Amino acid sequence: MNEMKPSGVAWIGEIPSDWSAGRFKTVLSRNDGGVWGDDPKDDGRDSVVFRSTEQTVDGRWRISEPALRDLRDVSNKSNSLLAPGDLLITKSSGSLLHIGKTSLFEDNTYRGDCYYSNFMQRLRVSNECYPKFYWYVLNSSVARDQFEYLQNATIGLGNLSSESIGALRVPFPSMSEQKAIADRLDAETAKIDQAISLLQRELETLEQLKKSLIYEAVTKGLDPTVPMRSSGVDWIGDIPEHWSITRLSTKVTKVGSGKTPLGGADTYVDEGIPLIRSQNIFDGELHLDDAVRIDASTELGMHSTRVRSGDVLLNITGASIGRSCVVPGGVGVANVNQHVCIIRPYQSQILPLFLHYLWSTVGQEWVFQNQNGATREALTFQEIRSAIFPIPDLPTQQHIVTQVQEQLAKLNLIQSSKEEQLRILNQQRASLIFEYVTGKRRVSEVA
């Protein structure tokens, strides 16, 4: 059994007696920021510049169309040329999940000369270190927990400086053991990654199945023998002949949103009215656990932007445009900001949940296909009112809603089980990496 000793670092714990631990800067030969340059000239002389958005949370590369930038007038351009073995770390992000994610630049990462943006920091370890080992360290809890502690918050963005990265406390096994650990982790995590990838594909299939289930129900109904007719709308296709194609404006009493808090973050209070923002609407539901709150006496607390039970809330800006949910009973007093639209249906003509199902399927198609293929940045109230949907009578809506809810409940149980399996696999992967990079599991101990 290998003897262990205290590392003196809370994030590392005990390490083998023949290891040491210290500041990362002591083994770094380069620790420098990137470049961005000017807009591309499209003359064949632009340079590939990697961005932090091309890094996954676990430090993989996801490069499809890298940015081309004109770096000819950048004085330190050559200093930002990447070499195999360089580690690229995200040093600025609005999400703690992305701060500190680190990718390894290798011979096969991308063809030709490559550079990196100024939201990233390039780390080059000394010749006595094995880059892949420190890629594992930087993407493990050893480093990520320290990054969360070391980062400084500046105007809403998390930031890591070259100094704080250099101050990171890391383990120092021998070069030969670093390579052996990295090789072992490559082999062991590959098995886990394969299982994770399979589960992720299964979860994606379940999501598509749920969307297809809803889409078919709200456009074709539940009776496959009923006579059909053309809806006259390409992305809707045929509908049951007794259904109508109706503009939303004829079925709702209100379409409107809130305002930007005049005082920004200063408007928010510990106790007050929840302010519903885009991030509070996901998975088809309203989530208010982490909602910011506003003073009821402010203009934002006025009744004109207040939601009611049965309202359909629609995100009208940004990446989540078209995402919707129904305000459930018991929410109490809550208001929306300018990114969320309140759609208040005539419940004697259209059920809120049926309208939500329409927005989550047909409405998505309308948002992205009815604008000549262009990606939308915002929806106007007039566009929302003029949206065209297939709408059956109220009893048919109720039957569809009931059947869809039953089917979704079954699929959600399967989904929850697979998500739990995915959580366990990710936890196993993280624990395996931590144990190896801190020496609690030695390569020589495993056959």
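## A buried glutamine in helix α7

With a relative accessibility of 0%, Q397 counts as buried, since buried means under 20% relative accessible area. This glutamine belongs to helix α7. The model you are looking at is a predicted one, so please read each detail below as a description of that prediction.

What does Q397 touch, once residues up to four places away in sequence are set aside? Its contacts are Q349, I350, L351, F354, I391 and P392. One of these partners, L351, lies 46 residues away from Q397 along the sequence, yet the two C-alpha atoms are 7.0 Å apart in space.

## The chain as a whole

Let's step back to the overall picture. The protein chain has 447 residues, and 47% of them are buried. Its secondary structure comprises 7 helices and 27 strands. Measured out along the principal axes of the model, the C-alpha trace covers about 75 × 55 × 50 Å.

How much of the contact network joins residues at least 24 apart in sequence? Counting contacts between residues at least 6 apart, the share is 74%.

## Helix α7 beside helix α4

Two packed helices are described by the angle between their axes and the distance between the axes. Helix α7 spans residues 394-437 and helix α4 spans residues 175-220; their axes come within 10 Å and cross at roughly 170°. Because angles over 145 degrees count as roughly antiparallel, α4 is roughly antiparallel to α7. Sorted by class, the residues in this contact are 24 nonpolar, 8 polar and 9 charged.

## Helix α1 across helix α4

Helix α4 also meets α1, and here the axes come within 8 Å and cross at roughly 60°. The two helices are therefore oblique to each other, and α1 passes α4 in a left-handed crossing.

Which residues of α1 and α4 meet? From α1 come K132, F133, Y134 and Y136, and from α4 come Q178, I181, A182, L185, D186 and T189. By class, that contact divides into 6 nonpolar, 2 polar and 2 charged residues.

## Helix α2 and its neighbours

Helix α2 covers residues 141-150, and its buried residues are V142, A143, R144, Q146 and F147. An α-helix has 3.6 residues a turn, so residues three or four places apart point the same way. You can look for that spacing when you pick out V142, A143, Q146 and F147 among the buried residues of α2.

What do the buried residues of α2 pack against? Their neighbours are the helices α1 (131-138), α3 (162-166) and α7, together with the strands β7 (87-90) and β14 (169-172).

## A four-stranded antiparallel sheet

Turning to the strands, an open sheet of 4 strands runs in the order β18-β26-β23-β24, and its pairing is antiparallel. β18 (252-257) and β24 (324-326) stand at the edges with a single partner strand each, so one side of each has no neighbour in the sheet. From one strand to the next, the twist averages 20°.

Inside this sheet, β23 (residues 312-315) is joined to β26 (residues 340-345) by 4 bridges and to β24 by 3 bridges. In β26, V312 has I343 as its bridge partner, while L313 has I342. On the β24 side, V312 stands opposite V326.

In a regular strand the side chains alternate between the two faces of the sheet. Are the faces of β23 covered or open? Both are covered: V312 and L314 are buried on one side, and L313 and N315 are buried on the other.

## A three-stranded mixed sheet

An open sheet of 3 strands has the order β6-β5-β10, with mixed pairing. Its edge strands are β6 (67-69) and β10 (114-116), each of which pairs on one side only. On average, neighbouring strands of this sheet are turned by 45° against each other, direction ignored.

β5 (residues 47-50) runs antiparallel to β6, and 3 bridges join the two strands. Within this pair, V48 of β5 stands opposite L68 in β6.

Notes: Residues are numbered from 1 along each chain as its sequence is written. This is a predicted model: local features need pLDDT of at least 70, side-chain atom pairs count only at pLDDT 80 or more; totals for chains, interfaces and linings use all residues. Side-chain values use heavy atoms; hydrogens and water are left out. Two strands pair if DSSP finds at least two bridges between them. Axes are lines fitted to C-alpha atoms, for helices over the stretch in contact, and angles run from 0 to 180 degrees between N-to-C directions. Angles under 35 degrees count as roughly parallel, over 145 as roughly antiparallel, 65 to 115 as roughly perpendicular and the rest as oblique. Ala, Val, Leu, Ile, Met, Phe, Trp, Tyr, Cys and Pro count as nonpolar, Asp, Glu, Lys and Arg as charged, and the others, Gly among them, as polar. Buried means under 20% relative accessible area, exposed over 50%, partly exposed in between (1.4 Å probe, protein chains only). Contact means heavy atoms within 4.5 Å. A crossing is left-handed if the near helix is turned anticlockwise from the far one by less than a right angle, and right-handed if clockwise.
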